[in-house]
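Work through the exercises below with the sequence and the model side by side. Each task is followed by a solution that goes step by step.

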Amino acid sequence: MSKISSIVWRMISQFKYVIVTVLGLLWVGVVDDNSLRQCLKYDLQIEELKEEISKYTQRYEADSKRLKDLNRDPSAIAKIARERYFMKADDEDIFVLSDDERNTNSLKSDEKAE
């Protein structure tokens with residue numbers, strides 16, 4: 001019996017390093033907050049955030065340019081007022097053309113009612 005237990009003890013003592021190493025790799029690779037899985041997840045988030053930063057930077061530059069144009073040129077203010085708010089000068093008429101399907105459907109139903 002002592003011979004068998006000594007053989008088992010040797011096997012366990014030889015494999016304990018392997019077991020500890022495997023458990024350590026599992027802990028570092030999967031379970032821990034700083035695991036490789038989390039690092040990959042964070043890298044993906046960083047890439048998405050960098051894309052958003054570049055998008056907002058471009059938008060900021062375009063808006064800054066537009067603001068400078070508005071501050072320098074009064075005709076730019078008139079242009080925006082006409083395009084967005086349908087404002088007009090006294091001697092002008094405004095015609096609004098739309099491709100909205102809801103408006104065309106409502107016209108078709110009105111035509112049938114007549």
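Helices (H or I, at least four residues) and strands (E, at least two) are DSSP runs, numbered from the N terminus. The model is a predicted one, in which local features need pLDDT of at least 70 and side-chain atom pairs count only at pLDDT 80 or more, while totals for chains, interfaces and linings use all residues. Residues are numbered from 1 along each chain as its sequence is written, and side-chain values use heavy atoms, with hydrogens and water left out.

**Exercise 1. The elements and the surface**

Task: Find how many helices and strands the protein has, and state what share of its residues is buried.

Solution: Begin with the elements, of which there are four helices and zero strands, so that, by the DSSP runs described above, the order from the N terminus on reads α-α-α-α. Next, take burial, where buried means under 20% relative accessible area, exposed over 50% and partly exposed in between (1.4 Å probe, protein chains only). Of the 114 residues in the protein, 5% are buried. Finally, the accessible surface (Shrake-Rupley method, 1.4 Å probe, for residues only the protein chains shown count as cover) comes to about 11200 Å², and carbon and sulfur atoms hold 59% of that area.

**Exercise 2. From helix H1 into helix H2**

Task: Decide whether Ser35 is buried or exposed, and say which residues Ser35 touches.

Solution: First locate Ser35, which is found in the loop between H1 and H2. Ser35 counts as buried because its relative accessibility is 0%. Contact means heavy atoms within 4.5 Å, and, not counting residues up to four places away in sequence, Ser35 touches Val28, Gly29 and Val30. Then step to Gln38 in helix H2 (residues 36-72), which counts as buried because its relative accessibility is 15%. Leaving aside neighbours within four places in sequence, Gln38 is in contact with Asp32 and Asp33. Cys39 also has its place in helix H2, but Cys39 is partly exposed, because its relative accessible area is 36%. The C-alpha atoms of Cys39 and Gly29 are 9.7 Å apart in space, and the two residues are ten apart in sequence.

**Exercise 3. A nonpolar patch**

Task: Say which residues make the nonpolar surface patch of about 1100 Å².

Solution: Start from the rule that patches are made of residues with over 30% relative accessible area and no salt bridge, with like charges joined within 9 Å and nonpolar side chains (Val, Leu, Ile, Met, Phe, Trp, Tyr) within 5 Å. A salt bridge is a side-chain nitrogen of Lys or Arg within 4 Å of a carboxyl oxygen of Asp or Glu. The patch is made by Ile7, Met11, Phe15, Val18, Ile19, Val22, Leu23, Leu26, Trp27, Val28, Val30 and Val31. One of these, Leu26, lies in helix H1 (residues 2-31) and counts as partly exposed because its relative accessibility is 47%.

**Exercise 4. Helix H3 and the loop after it**

Task: Locate Ala89, and state how far apart the C-alpha atoms of Ala89 and Ala78 are.

Solution: Ala89 has its place in the loop between helix H3 (74-85) and helix H4 (101-113), and Ala89 counts as partly exposed because its relative accessibility is 26%. Its C-alpha atom is separated by 9.4 Å from that of Ala78, eleven residues away along the chain. Turn then to Ile77, whose place is in helix H3, and which counts as partly exposed because its relative accessibility is 48%. Between the C-alpha atoms of Ile77 and Leu67, ten residues apart along the chain, the separation is 10.0 Å.
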